[in-house]
Amino acid sequence: MTDLAPIVSEWANDPRTAQRVVHVARIPARPARHSDVPEDIHPALKRALDTFGIHKLYLHQAEAFEKVRAGSDIAVVTSTASGKTLCYNLPILDHLLNNTEARALYLFPTKALAQDQLGVLRRWAEADPAIAEVLRPATYDGDTPTHDRKKIRNSASIILSNPDMLHVGILPYHPRWGSFLRNLKYVVVDELHTYRGIFGSNVAQVMRRLARVCEHYGSRPQFICASATIANPHELASALVGRECEVIDTDGSPRGERLFVLWNPPRLSNDNLTRRSANVEAVELLTRLVSENVQTIVFGKARVVVELIYRYARERLQKRNKALADRIRPYRGGYLPRERREIEKQLFSGELLGVCATSALELGIDVGSLDAAILVGFPGTIASTWQRAGRAGRKEKSSLSVLIAYNDPIDQYIMHNPKYFFGQAVEHGIVDPQNAYILASHLGCAACELPLREEDEAVFGPFVRQIAEILADEGKLKEIDGRHYWSTTENPSQRTNLRTISDDTFSIVDQSEAKPVGIGNVDSISAPELVYPGAIYLHEGESYQVRELDWDGKVAHVKRSETDYYTQPVLADKCTIVRELEQKAEPGMSVRFGEMEVTWQTVAFKKIRYHTLENIGQATLDLPSQTLQTTGLWLVPDSEVMDDVAGMGLKPVEALMGVRNLMLVCLPMLAMCDRRDLSGIVESSNTGSPTAFIYDRFLGGLGFAQKGYELIHDLLRMCTELLDGCECEEGCPSCVGLANLRPPVHQDPDLSRGYMIPSKLAVVALINRLTGRR
């Protein structure tokens, strides 16, 4: 492997790049800490470990083995690529070898991860005949052929699935799964840190329903959770599975030295408004690194970014070394499963030297030993940043991470404040299993699976009977002899979506040849932003023009088309008050709560010339709008308060944006939700004066904004405490700057300047007047 330190040193000292390298952090190497393989482990596993070259376990692997064997529910929380998979595979395989009737269920947040781990289990089976005799792994998800499902239910010893399939495809049909559930010994919940907010709260209820159905069949499976580093692993794991989990966080894995570079593209003019393209900077770094035989992953914030970086890098490499051009590929959501498996295999084997990826490769798919990770733009959270950076570097190998800034206020703040970035702790993961809206949906699902009983309060909490009576009044449940039965023909799990995004997908079909060929897919929410008529759809660097978007058939018809431009959607969004439900007048403001409608629409598209980013044309579109019916709170400062702030020479609307941002940061702590579950907007068309709206990003609302309305004084007090405790002077991402708004997820960040950081002085002036502190 190429020594990375001289490359970084060259960047820092070369006059052409020195100004870009604003900071280099050296994260020291960490030696491995080992423990002996347990003497009483099954001989077949000992032979397999020898075959894999594993003669000792890391400390956390040995501790996990002993705690699982002792019957504990555990959460393993160690760094990326630290061998967490062995923490559950080893004790589970040991138990299977000694108890051939036992079964295990592995749950992953994505199908790709399940497929990856299926390959890992197959390698275990190939390592020893005794293991092959008892290890019969199979994936069971929406892609599993119908004719294979009965065989998998009846014969697989380990089933790899996801919470969505458990929710809609297993629990509602548990009589078919009686034998499997009766013998279910272990439930693995991998990538624990992804189960946060609305998704995590829904999955927490699915875990409780699973435990309840297992009890019906006489089993009590152990839970084994695995997670990247998060701030509150015990709290999150225990809340998710409904039991106390012992945390194992003594990371015994080795780590080579990591060089972490903050890279800021140079200004293009003296007005401080424009900088060189971050995408182009990434292309230059990628081509340099792969030319030095450094296996590199580039993370882009949007699909179009990934495709552009790949296209530009391939063009450059073809001029220098065609063989190298064939050793890079893009990887993102929307590719067909066979394409993703092929790229993963090429990356793992070393056939590929470079890959440009979205967050689809952020999670733990095994892609082998990468040397460098380039992050184009701050991912939005510290945890995600380190997760992506950790994809490079295995065991004692040194590695390189580079964060390239966009011309965005948050990215630029990080570039100018390296100590802030490297000193930030990772975020908390929050779930609220007792959210009344979520609990009501899952109690309906649970009643459909088995009648609700008084004893179920031990599983679902103290509100079971109260919610059951409400569902009975709605005609969904019927009480007989103290038990509540599901009383309609409808399957409630089909109407309860665990995630906030739509399950519907559009197929993307290439009609360039006589026989149409499917080349990808896209979810229904993203379709109007990605495959609108006239759009240039980029797929593995090739361009296709969208000829038709068939809404009824859910198909985007495309044809190959070589153009000198790509396209970007122009979005329009608005929020409308549908019905005011409550209001209260407070000193300096009025606060209201009610039903809202949030609408967004692709109204046009721009043609952007490759490389130069020149806008060479725009066309209007007539597409259906997408609407979210939800609930929200809105805060309307009195005109005298806004005038007062303006009289200080400050911008009152900018100050209100800062208050909105603070509320979006603080409300999750009151409402027990994730930042991604909320959004907000500042506008004046609904009320006639500047108004800050905070709303739930879920159909019908889930009570988060309502909690903010009810506890508005506590919420604003938390906002002022956050402001007071932040050491910055002008405003930063930790206080007034990092709004969780809905970004245009399919737009190139190179073409925008992101969200501004409001003046802290203005925000302080406004919030002091709203809370009576002046």
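**Group meeting: a walk through the model**

Okay, let's start with one residue: S277 counts as buried, since its relative accessibility comes out at 10% and the cut-off for buried is under 20%. Before I go on, a reminder that this is a predicted model.

So where does S277 sit? You'll find S277 in the loop that runs between β11 (258-263) and α12 (278-291). Its side chain reaches the backbone nitrogen of N279, at 3.2 Å. If you skip residues up to four places away in sequence, S277 touches L613 and D750.

Let me zoom out for a moment. The chain has 28 helices and 29 strands. Its radius of gyration is 27 Å, close to the 28 Å that the globule rule gives for 774 residues, so the chain is as compact as a globular protein of that length. If you like box dimensions, the C-alpha trace spans about 75 × 75 × 60 Å along the principal axes. What share of the 774 residues counts as buried? That's 58%. And for the contact-map people: take the contacts with a separation of 6 or more, and 74% of them are between residues 24 or more positions apart.

Next, the empty space. Rolling a probe the size of a water molecule over the atoms shows where such space is left. How many cavities of 30 Å³ or more does a search of the whole structure find? Just 1. The largest cavity has a volume of about 130 Å³. Its lining is made of 14 residues, and V304, L530, I536, Y537 and L538 are the ones nearest the centre. In terms of elements, at least two lining residues each come from α13 (303-320), α22 (527-530), β21 (536-539) and β24 (565-586). What about the chemistry of that lining? By class, we get 7 nonpolar, 3 polar and 4 charged residues.

Back to single residues, and on to Q346. That one is in helix α15, which covers residues 337-349. Q346 has a relative accessible area of 13%, so it goes down as buried. Leaving aside neighbours within four places in sequence, Q346 is in contact with R329, E351 and L352.

Then there's L361, in the loop between β14 (354-357) and β15 (372-376). Buried or exposed? Buried, with a relative accessible area of 1%. Not counting residues up to four places away in sequence, L361 touches I297, F299, Y331, L347, V355, V367 and R391. If you want a distance to check in your viewer, the C-alpha atoms of L361 and I616 are separated by 33 Å, and those two are 255 residues apart along the chain.

Last stop, N615, which is in strand β26 (residues 615-620). With 40% relative accessibility, N615 counts as partly exposed. Which residues is N615 in contact with, leaving aside its neighbours within four places in sequence? Those are K606, K607 and I608. The side chain of N615 also reaches a backbone nitrogen, that of G617, at 3.2 Å. And one more distance: from N615 to T51 the C-alpha atoms are separated by 58 Å, with the two positions 564 residues apart along the chain counted as how far apart they are.

That's my tour, thanks.

Definitions and conventions:
Residues are numbered from 1 along each chain as its sequence is written. This is a predicted model: local features need pLDDT of at least 70, side-chain atom pairs count only at pLDDT 80 or more; totals for chains, interfaces and linings use all residues. Side-chain values use heavy atoms; hydrogens and water are left out. Helices (H or I, at least four residues) and strands (E, at least two) are DSSP runs, numbered from the N terminus. Buried means under 20% relative accessible area, exposed over 50%, partly exposed in between (1.4 Å probe, protein chains only). A polar contact is a pair of N or O atoms within 3.5 Å; within protein, one must be able to donate a hydrogen and the other to accept it, and residues adjacent in sequence count only if both atoms are side-chain atoms. Contact means heavy atoms within 4.5 Å. On a 1 Å grid over the protein atoms alone, a cavity is a set of points where a 1.4 Å probe fits but cannot get out, and a pocket is an open set with protein on both sides within 12 Å along at least five of seven lines; lining residues have an atom within 4 Å of a point. Grid points are joined across faces, edges and corners, and a volume is the space filled by probe spheres set on the points. Ala, Val, Leu, Ile, Met, Phe, Trp, Tyr, Cys and Pro count as nonpolar, Asp, Glu, Lys and Arg as charged, and the others, Gly among them, as polar. The radius of gyration is taken over C-alpha atoms; the globule rule is 2.2 Å times the number of residues to the power 0.38.
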